[in-house]
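Please look through the sequence and the model below, with attention to its nonpolar core and its salt bridges. The paragraphs that follow take these two topics in turn.

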Amino acid sequence: MDRRILLGLGAVVVAIVLFVLLRPEDEDETAATAPTTTEVTTETGETTETTETTETTEASGTETSETTTAAEPSAVRVEVEVRDGGPVGGVERVDVERGERVVLVVRSDVADHVHVHGIDIFRDVAPGSPARLSFRPRTPGVIEVELEDRHLLLAELEVGP
């Protein structure tokens with residue numbers, strides 16, 4: 001009887017460890033059930049000062065607003081502009097370290113979806129409405145960023161070990 005309990009507990013521990021190791025890498029702040037967030041970032045030296053405003057529509061239909069300010073380590077910021085059917089200046093190629101925070105901002109003169117392959121994050125982009133994505137790559141290799149519907153390569157992130 002004690003052996004069955006130990007085997008059951010061992011199976012639970014293995015399941016938890018596998019879940020933690022194999023969970024999706026999408027660390028973006030805006031999931032389907034999360035509040036809408038607008039973030040203004042000012043980079044100064046080694047730290048980044050962030051002012052974040054969050055609006056949440058609750059079940060009662062009312063909106064609440066909250067502003068917080070925090071200092072965080074600097075992130076690799078990648079900005080891409082799409083104009084006349086291509087990325088201005090060509091495909092961005094950026095080296096990042098595994099686990100390093102990446103902030104990707106895409107501005108476009110056409111409506112499409114920005115897709116970060118390997119992390120599987122999608123964001124809509126349109127004229128006057130840039131896409132902002134934030135994530136931490138956990139797997140070494142090349143991550144491609146593209147306009148999904150047009151199959152247009154925008155950036156390649158080389159993730160080091």
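**Core and salt bridges**

Glu81 has a relative accessibility of 37%, and therefore counts as partly exposed in this predicted model. Its salt-bridge partner is Arg83, with the N and O atoms of the two side chains 3.2 Å apart, and Arg83 is likewise classed as partly exposed, at 42% relative accessibility.

The structure holds five salt bridges in total. In another of them, Arg107 pairs with Glu79 at a closest N to O distance of 3.4 Å; because Arg107 belongs to strand β7 and Glu79 to strand β4, this pair ties together parts that lie 28 residues apart in sequence. Arg107 is partly exposed, with a relative accessible area of 38%, and Glu79 is partly exposed as well, at 41%. These two residues also belong to a network of salt bridges that links Arg77, Glu79 and Arg107. A further salt bridge joins Glu156 to Arg93, whose closest N and O atoms are 3.0 Å apart; here distant parts of the chain are linked, since Glu156 lies in strand β12 and Arg93 in strand β6, 63 residues away. Arg93 counts as exposed, at 58% relative accessibility.

Turning to the interior, the largest nonpolar core contains 25 residues, of which Leu104, Val106, Val114, Val116 and Phe135 touch the most other members. Strands that each supply at least two residues of this core include β4, β6, β7 and β12, and the largest share, five residues, comes from β12. When neighbours within four places in sequence are left aside, Val106 is in contact with Val80, Val82, Val114, Val125, Pro130, Ala131 and Leu154.

Terms used:
Residues are numbered from 1 along each chain as its sequence is written. This is a predicted model: local features need pLDDT of at least 70, side-chain atom pairs count only at pLDDT 80 or more; totals for chains, interfaces and linings use all residues. Side-chain values use heavy atoms; hydrogens and water are left out. A nonpolar core is a set of buried Ala, Val, Leu, Ile, Met, Phe, Trp, Tyr and Cys residues joined through side-chain atoms within 4.5 Å. Buried means under 20% relative accessible area, exposed over 50%, partly exposed in between (1.4 Å probe, protein chains only). Helices (H or I, at least four residues) and strands (E, at least two) are DSSP runs, numbered from the N terminus. Contact means heavy atoms within 4.5 Å. A salt bridge is a side-chain nitrogen of Lys or Arg within 4 Å of a carboxyl oxygen of Asp or Glu.
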